Amino acid sequence: MEAWESVTVDVAMAGLLAVSGAQCIFLQKFLGAAKWKAGLFFLLQAAGYSLTVFWDGWGRFPYLLRAAAHHLVFLWLVLLLFRGSRGRRLLAASLLLAAYVLGGPFWESLFCLLLLLGIHAAAPEPGLVLGAWGGCLAAGLGLALTALGILGLCRFGSCCLDGEEERPGSWYVLLAVPLLGFSGVADVAGWGASHGILVRSGGWLDIYYDQLLSYGGMCILTALAMAAAGFYLRGMVQMEREQQKSRRYQAQLAVYRMLEEQHRQSESLRHDMKNHILALTGLWEGQEWERLGEYLGQLTQAGGLGSGQEATGNRVVDTLLCQKGQTAREEGISWECCVNLPSECRIREMDWCILLGNLMDNAIRACSQLAEKERRFICLKGGRVKGCFLLEVENSVAEGRSQPDGVMRQAEGAGKHPDGAKHQAEDVGRKHLGGGRQHEGDGKGEVYGIGLRNVQDLVERYNGILRTERRDGVFAASVLLPLELVEPAQDMKPAV
């Protein structure tokens with residue numbers, strides 16, 4: 001029996017080391033630190049857990065005081081040894097503490113419950129008590145599963161800990177405080193369980209059933225706390241994403257209104273060009289060169305002359321593409337644009353700007369990363385194809401790098417429009433997008449980056465299809481949207 005108890009203690013210590021390693025991997029992934037600092041964190045954590053086991057055996061320190069000291073030291077080590085903003089480090093430490101304080105007791109209580117039931121089923125006897133070896137074995141197995149859960153958090157943690165540049169420090173604190181609160185509640189419950197006062201039958205059942213009630217109560221309590229923490233984090237992340245999208249949309253709206261105003265001023269200037277030419281001719285004939293230069297400068301500044309023009313059939317989109325084309329040329333990117341927009345359709349003007357603006361921003365950013373300027377190019381084509389609008393964007397991209405903001409899967413609408421429009425887009429898509437490679441998401445349409453997320457939402461709203469392809473240093477994105485034209489399809493202005 002002594003040998004068996006020694007083995008179970010070793011299992012428990014192995015579980016503690018596994019938890020320390022998983023915590024170190026999580027922190028290194030999302031915060032980062034020098035290798036020696038990460039190693040020091042692992043050694044100190046392992047020593048701290050061993051000291052905790054020693055204190056449990058000695059029994060001289062109060063349970064809650066010991067738990068509070070461990071949590072404070074853990075927070076201090078994370079804040080001291082790892083990189084990132086203070087709020088981000090606090091949230092990462094709070095996530096790990098909640099996973100350890102909630103996950104460990106949950107799995108340990110569950111295994112103790114199963115062990116008790118198994119032993120009682122094999123050899124029923126009154127007053128059955130789970131010995132120290134059973135507690136150590138359950139603790140070791142529970143800690144091993146807790147370590148696996150912490151590694152699983154590496155996937156969920158990106159939702160909370162990535163994108164630090166777009167989130168204020170108070171946002172991280174707002175998420176961390178409830179997690180610390182859940183951990184405190186679990187510590188109080190653990191203290192109660194260690195004193196045998198969590199759940200008791202009141203004397204009308206023997207100690208075997210009291211143990212079952214206590215372990216079962218701890219399982220239920222920690223499970224509810226983990227569920228509450230998960231729902232809270234998910235809700236806060238979703239709310240913050242929607243706020244980001246709203247802020248980005250409002251910023252784009254302000255920019256597009258400014259572009260429309262600039263276009264209006266340019267049109268007004270062209271309308272008055274005859275009078276300006278007469279004034280310039282008078283200055284030239286009078287040899288008033290200085291005034292002539294000032295007049296020309298004022299005209300250039302007022303009208304934005306020399307910026308080129310893209311005739312798509314929509315003046316706001318024309319202005320947007322002119323600006324994107326000018327930005328591309330300044331980056332040394334070859335620019336080709338041929339887009340025909342229908343004069344009237346169910347797609348809003350603002351949505352055209354969101355679609356084209358975000359795709360162009362991604363293409364320009366990808367091209368600007370190429371060291372060889374002669375390889376930089378963007379080709380934008382769009383027009384009507386059998387009652388749908390087909391937009392194709394091709395741009396050069398550096399080898400070994402993915403398109404900025406990530407890639408998206410095929411997007412289908414959520415049923416807000418007639419099924420006929422969606423089937424029409426699918427039929428046309430099978431013919432015109434068949435060569436593209438579909439990038440599958442997680443089944444929920446999730447994408448990476450706010451820009452392409454806005455495009456994804458737009459494509460879904462119109463029951464459209466989006467596919468991307470990356471091959472031989474060229475990234476291609478194709479968007480197919482059902483138009484449901486109000487006017488005949490031939491009522492479109494030609495592209496320049």
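Helices here are DSSP runs of H or I with at least four residues, strands are E runs of at least two, and both are numbered from the N terminus. Please keep in mind that this is a predicted model, in which local features need pLDDT of at least 70, side-chain atom pairs count only at pLDDT 80 or more, and totals for chains, interfaces and linings use all residues. Residues are numbered from 1 along each chain as its sequence is written, and side-chain values use heavy atoms, with hydrogens and water left out.

Let's start in helix 5 (residues 132-161), where Cys154 is found. Cys154 counts as buried, at 12% relative accessibility; buried means under 20% relative accessible area, exposed over 50%, and partly exposed in between, with a 1.4 Å probe and protein chains only. Leaving aside neighbours within four places in sequence, Cys154 is in contact with Phe26, Lys29 and Phe30, where contact means heavy atoms within 4.5 Å. Leu27 sits 127 residues away from Cys154 along the chain, yet their C-alpha atoms are separated by 9.1 Å.

Now step back to the whole chain. The protein chain holds 13 helices and 5 strands, and 44% of its 496 residues count as buried. Of the contacts between residues at least 6 apart in sequence, 77% join residues at least 24 apart.

Next comes the sheet. Its 5 strands form an open sheet in the order 1-2-3-5-4, with mixed pairing; two strands pair if DSSP finds at least two bridges between them. Strand 1 (334-339) and strand 4 (465-471) are at the edges with a single partner strand each, so one side of each has no neighbour in the sheet. On average, neighbouring strands are turned by 10° against each other, direction ignored. Strand 2 (residues 377-385) pairs with strand 3 (residues 388-396) in the antiparallel sense over 8 bridges, and Asn395 in strand 3 is the bridge partner of Ile378.

Two helices accompany this sheet. Helix 10 packs on it, touching strand 1 and strand 2, and its direction makes about 160° with that of strand 1. Helix 11 lies across strand 1, strand 2, strand 3 and strand 5 (474-482), running at about 15° to strand 3. Such angles run from 0 to 180 degrees between N-to-C directions, with axes fitted to C-alpha atoms, for helices over the stretch in contact.

The two helices also meet each other. The axes of helix 10 (residues 315-330) and helix 11 (residues 349-368) come within 10 Å and cross at roughly 10°. Helix 10 and helix 11 are therefore roughly parallel, the label for angles under 35 degrees. Among the residues that meet are Val316, Leu320 and Lys324 in helix 10, and Trp352, Leu356 and Met360 in helix 11.

Finally, look at the far edge strand. In strand 4, 5 of the 7 residues are buried, so this strand is largely enclosed by the rest of the structure. Strand 4 and strand 5 pair in the antiparallel sense over 7 bridges, and Ala477 in strand 5 is the bridge partner of Thr468. Their hairpin has 2 residues between the strands, and Asp472 takes a positive phi near 55° there.

Ala398 lies in the loop between strand 3 and helix 12 (419-432). Ala398 is buried, with a relative accessible area of 11%. Beyond its neighbours within four places in sequence, Ala398 is in contact with Leu370 and Arg470. The C-alpha atoms of Ala398 and Phe475 are separated by 9.5 Å, although the two residues are 77 residues apart along the chain.

Key:
Angles under 35 degrees count as roughly parallel, over 145 as roughly antiparallel, 65 to 115 as roughly perpendicular and the rest as oblique.
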